[in-house]
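This report looks at charged pairs, helix packing and the nonpolar core in a single chain. Please keep the sequence and the model in view while reading.

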Amino acid sequence: MNYREDLEFQLQKVTLVIQEVIEDISISDKVRQERIRKLINFKEAIIYKGRELRIDLEAA
């Protein structure tokens with residue numbers, strides 16, 4: 001797996017986890033918001049790394 005594929009895979013995983021957190025009814029809204037905020041920050045870091053390396057990420 002090359003670096004582009006690895007970044008795309010990470011981006012897809014984070015997107016799926018965000019969706020899972022949104023749909024999880026067993027956590028409070030406050031906890032949900034905090035987790036989503038952290039995951040979005042991680043997603044943005046992946047996208048930034050792709051841009052830094054001049055890689056067009058398709059999963060964004």
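## K49 and its partner in α2

In this predicted model, K49 is partly exposed, because its relative accessibility of 30% falls between the limits of under 20% for buried and over 50% for exposed. The side chain of K49 meets that of E52 in a salt bridge, with 3.2 Å from N to O, and E52 is likewise assigned to the partly exposed class, at a relative accessible area of 45%. Both K49 and E52 belong to helix α2, where three residues, or about one turn of the helix, separate them.

Elsewhere, E34, R37 and K38 are joined into one network by salt bridges that share partners. Within this network, the closest N and O atoms of R37 and E34 are 2.4 Å apart, and these two residues are three residues apart in helix α2 (residues 29–52), which means that about one helical turn lies between them. R37 has a relative accessible area of 42% and is partly exposed, while E34 is also counted as partly exposed, at 32%.

## A salt bridge in α1

The structure holds five salt bridges in total, and one of them pairs E8 with R4 at 3.1 Å from N to O. Both residues lie in helix α1 (residues 3–23), four residues apart, which is described as about one turn of the helix. Is E8 buried or exposed? With a relative accessibility of 15%, E8 counts as buried, because the limit for that class is under 20%; R4, by contrast, is partly exposed at 32%. As a general point, side chains of opposite charge can pair when their charged atoms come close.

## Y3 and its contacts distant in sequence

Y3 lies in helix α1 and is partly exposed, with a relative accessible area of 44%. When its neighbours within four places in sequence are left aside, Y3 is in contact with K49, L53 and I55, so that K49, already described as the salt-bridge partner of E52, also touches a residue of α1. Y3 and I55 are 52 residues apart in sequence, yet their C-alpha atoms are 9.0 Å apart in space.

## Helix α2 and its packing

Helix α2 has 24 residues and reaches 34 Å from its first C-alpha to its last, close to the 34 Å expected at 1.5 Å a residue. Just after α2, R54 takes a positive phi of about 60°.

Which residues of α2 are buried? They are R32, I36, L39, I46 and G50, and the buried residues of this helix pack against α1. L39 gives a detailed view of its own surroundings: leaving aside its neighbours within four places in sequence, L39 is in contact with V14, V17, I18 and V21.

## The largest nonpolar core

The largest nonpolar core is made up of 11 residues, namely L7, L11, V14, I18, V21, I27, I36, L39, I46, I55 and L57. The elements giving two or more residues to this core are α1 and α2, and the largest share, five residues, comes from α1. In soluble globular proteins, nonpolar side chains tend to be buried together. I55, a member of this core, is also one of the residues in contact with Y3, and L39, another member, is among the buried residues of α2.

How values were computed. Residues are numbered from 1 along each chain as its sequence is written. This is a predicted model: local features need pLDDT of at least 70, side-chain atom pairs count only at pLDDT 80 or more; totals for chains, interfaces and linings use all residues. Side-chain values use heavy atoms; hydrogens and water are left out. A salt bridge is a side-chain nitrogen of Lys or Arg within 4 Å of a carboxyl oxygen of Asp or Glu. Buried means under 20% relative accessible area, exposed over 50%, partly exposed in between (1.4 Å probe, protein chains only). Contact means heavy atoms within 4.5 Å. The expected span of a helix is 1.5 Å times one less than its number of residues. A nonpolar core is a set of buried Ala, Val, Leu, Ile, Met, Phe, Trp, Tyr and Cys residues joined through side-chain atoms within 4.5 Å.
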